[in-house]
Amino acid sequence: MDPKQPEEDEVMDQFMDKFQTQKYKGAFNEDNWQEEFEKIPMFMKKAPDEIDPEKAPDLACLQSMLFDNDRSPEEQAKSYKEEGNDYFKEKNYKKAIVAYTEGIKKSCKDAELNAVLYTNRAAAQFYLGNYRSSLNDAIAARKQKSDHLKAVIRGALCYMEIKNYSEALKWCDEGLQISPTEKKLLEMRTKADKLHRAAERDARKLRQTEKKKQAQNDSLLRAIKERGIKLLEQSSKDDDDEEETVGTLHNGISRSENVTGAQVFLDENGRLHWPVLFFYPEHSQTDFISAFQEDSRFIDHLNEMFSQDLPPWDTERKYVAHNLEIFFEDEMSQSFYQVDPDKTLLQVLQHSRFCVKAGTPSFLIFAKQSPFCKKYFSDKKLHRICCYVKVL
């Protein structure tokens, strides 16, 4: 028997007695054991966003081992891929993208690994709704490995999302050459083909509608030109400057749709119907005629508007058809011209100084010889010439 044995046994007994009476300070207990387990790398469910070497030296050590620059680019790229996969499983797609990007930056010689990194990043981008970026990664993955099936599927999905069904079909067909029984590609191809046919059909209808609309537009412009009616359009050079032109009908006519909700049209009998505005400066009021037929006389409209129910703003009851005067303004010469109520709209529009502005002819209406009318035009004499002439 070893003479030292009794001494060692005595020391051990003393240690055990002390251990029983004095608990280990860092021991787990019922309240904190889960929290403490989370601090151990092996049992962590989620890695911290930032690793402080002083607070978590074990994690810092592991990170250094994983991404040690002394390791080969392939090993480092693989480590970043695995880190990205972990983030991806947690649905932390932004961090997954960062990890995959770091792996791609290693420029390793393993084409298969690079293809996986690009494809995985494409998946993360896809789930963030970045379909263009996802597609670019799918294309990059196929440059690394042309028959990488997951990259083909991801690219086809991206084309579906951006509604480029022809390219989606192309990628599906290429993928089915790699794997003819791939269920995702078969289902996607069926859907893409259906949507592609529908899109082509809609495009044909749109082209036909546009063609018909353009033909009507051309006929309308031709009718306006044949009548010698001038359109006043905004100059494209300067918004404040206006130029007299019978140029594009789109700019001169359909712009009125934004103002009044109506625009000039040509009926089946070849007659023009214009949206027309009447202004009553004395009362700051307006009237709108949505379709003033060009052969109709002004007096006919005035009789219809003022023969029975007089407007509520006419408290003096002076706005009756036979007591009204009509004028149009020539902005080019800063002059006013009086309109004969017995003339038709077409006759007035053909006047040498009349220009249709924004597709809507407009006229000023006053009570005949009213003090306001006299004052309105006398004030204008200071900076413009007033010409009261009958339309010929």
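In this predicted model, helix 5 (residues 93–105) and helix 6 (residues 111–127) pack with their axes 9 Å apart and at an angle of about 160°; axes are lines fitted to C-alpha atoms over the stretch in contact, with angles running from 0 to 180 degrees between N-to-C directions. The two helices, helix 5 and helix 6, are therefore roughly antiparallel, a term for angles over 145 degrees. The contact (heavy atoms within 4.5 Å) brings Tyr-93, Ala-96, Ile-97, Tyr-100, Thr-101, Gly-103 and Ile-104 of helix 5 to residues of helix 6 including Leu-117, Tyr-118 and Arg-121. By class, the residues of this contact are nine nonpolar, four polar and one charged.

Turning to the interior, the largest nonpolar core holds 34 residues, and Trp-274, Phe-278, Phe-298 and Phe-363 have the most contacts inside it. Such a core is a set of buried Ala, Val, Leu, Ile, Met, Phe, Trp, Tyr and Cys residues joined through side-chain atoms within 4.5 Å, where buried means under 20% relative accessible area with a 1.4 Å probe, protein chains only. Strand 4 supplies the largest share of this core, five residues. A second, separate core comprises 18 residues, among them Ala-168, Leu-169, Cys-172 and Ala-192.

Across the protein there are 15 helices and ten strands, taken as DSSP runs (H or I, at least four residues; E, at least two) and numbered from the N terminus. Of the 392 residues, 37% are buried.

Residues are numbered from 1 along each chain as its sequence is written. Local features need pLDDT of at least 70 and side-chain atom pairs pLDDT 80 or more, while totals for chains, interfaces and linings use all residues, and side-chain values use heavy atoms, leaving out hydrogens and water.

Definitions and conventions: Buried < 20%, exposed > 50% of the residue type's maximum accessible area, 1.4 Å probe, protein only. Parallel < 35°, antiparallel > 145°, perpendicular 65-115°, else oblique. Nonpolar A, V, L, I, M, F, W, Y, C, P; charged D, E, K, R; others polar.
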